[in-house]
Amino acid sequence: MKHILIINPNAGKGSAEDFLRTKLVEDGFEAEYEIYVTKAPRDATKYVKERCLAEPEETLRFYACGGDGTLNEVSAGAVGFKNAEVACYPCGSGNDYIKYYGTQNDFSLARLKNGVAEAIDMISVNGRYAINACHFGFDSFVAQKMAKLRRRAVIGGKNAYNTAVAMGLFGAMNNDYTVEVDGEILNPQGRMLLCTVANGGYVGGGYHCAPRSDNSDGLLEVCFVKPISIPRFLSLMTAYRNGEHLDDPRFEKYIEYRRAKTVRVTSHRPMPVSLDGEVEVYSDFTVTVESRPVNFVVPEGLTSPKLKKLCYNEIK
């Protein structure tokens, strides 16, 4: 197996490459490794594809060293390649996908080196991929603002999401999208607050948007929220952050929740759509699930949520 660290030089703060070289020593990473520093947006996707094609008989473990955007690019490049494994070393500002499995501390380089890869689903949106979530409406407005705020002092960094949410309260509470889930139109009137189509469990630095998610069941988790007032929105945010919204009776008249294969979305004008925090603009797009095309590395000593459920059911 070859170990290849793909570093986003713009992730986190300071020099990501210098930081990673220090962590390789601190984390006791003893395997031989290569380092590749990305040169431009989507360069990681191109690089991973080229390496997989050039070395089809070699197992290649790619370490996405950055945030959710870096993981997005690396995993997109690995789609369909049986010789590719994707590990995530979280050193960006978001790192939402790994929360499905555990904490940032669980994803040390040494534990990733000794981890085991499991096949996971991917989300496809008009030819682009997401590993964690596709969301639109209030959330995509927030993602747009986050991209502009990440490098700002105080209101940026880990505070960027909350700052963007505050801005969204005045500009994105009633949005123009019509959402069709496996042939069922959820909002014939064409209005909504937000919709999250998830593979992982978290967005926005810790909001547990999809608490029932299974990232290898071949289904999308669709959480559609109708327009609501700002006071009501604020009163429900803590429960939403904690992942309680699917069981809390206060949400019943505001939320439509589905598991689905396909989500079709239209709008009267181009609108922002977030794919793992990276924003595209569409007026018509289709979200589908691809069943287990990527091998994701679960760190040594960490049990995936699906295995935890299986063990629990066996004990019962």
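Two exercises on cysteines and backbone angles follow, each with a worked solution.

This is a predicted model, in which local features need pLDDT of at least 70, side-chain atom pairs count only at pLDDT 80 or more, and totals for chains, interfaces and linings use all residues. Residues are numbered from 1 along each chain as its sequence is written, and side-chain values use heavy atoms, with hydrogens and water left out.

**Exercise 1.** Find how many disulfides the structure holds, and explain the state of Cys-134.

Solution.
- Step 1. Set the criterion: two cysteine sulfur atoms within 2.5 Å make a disulfide.
- Step 2. Search the whole structure; the count is zero.
- Step 3. Check Cys-134. Its closest cysteine sulfur belongs to Cys-195 and lies 8.0 Å away, so the gap is too far for a bond.
- Step 4. Check Cys-195. It is in no disulfide either; the nearest cysteine sulfur, in Cys-223, is 7.4 Å away.
- Step 5. Add accessibility (buried is under 20% relative accessible area, exposed over 50%, partly exposed in between; 1.4 Å probe, protein chains only). Cys-134 is buried at 0%. Cys-195 is buried, also at 0%.

**Exercise 2.** Place Arg-42 and Asn-126 in the fold, and describe their phi angles.

Solution.
- Step 1. Define the elements: helices (H or I, at least four residues) and strands (E, at least two) are DSSP runs, numbered from the N terminus.
- Step 2. Take Arg-42. It sits in the loop between β2 (33-37) and α2 (43-54). Its phi is positive, about 70°, although Arg-42 is not a glycine. Relative accessible area is 45%, so Arg-42 is partly exposed.
- Step 3. Take Asn-126. The loop between β5 (116-125) and β6 (128-130) holds it. Phi is positive at about 50°, and Asn-126 is not a glycine. With 39% relative accessibility, Asn-126 is partly exposed.
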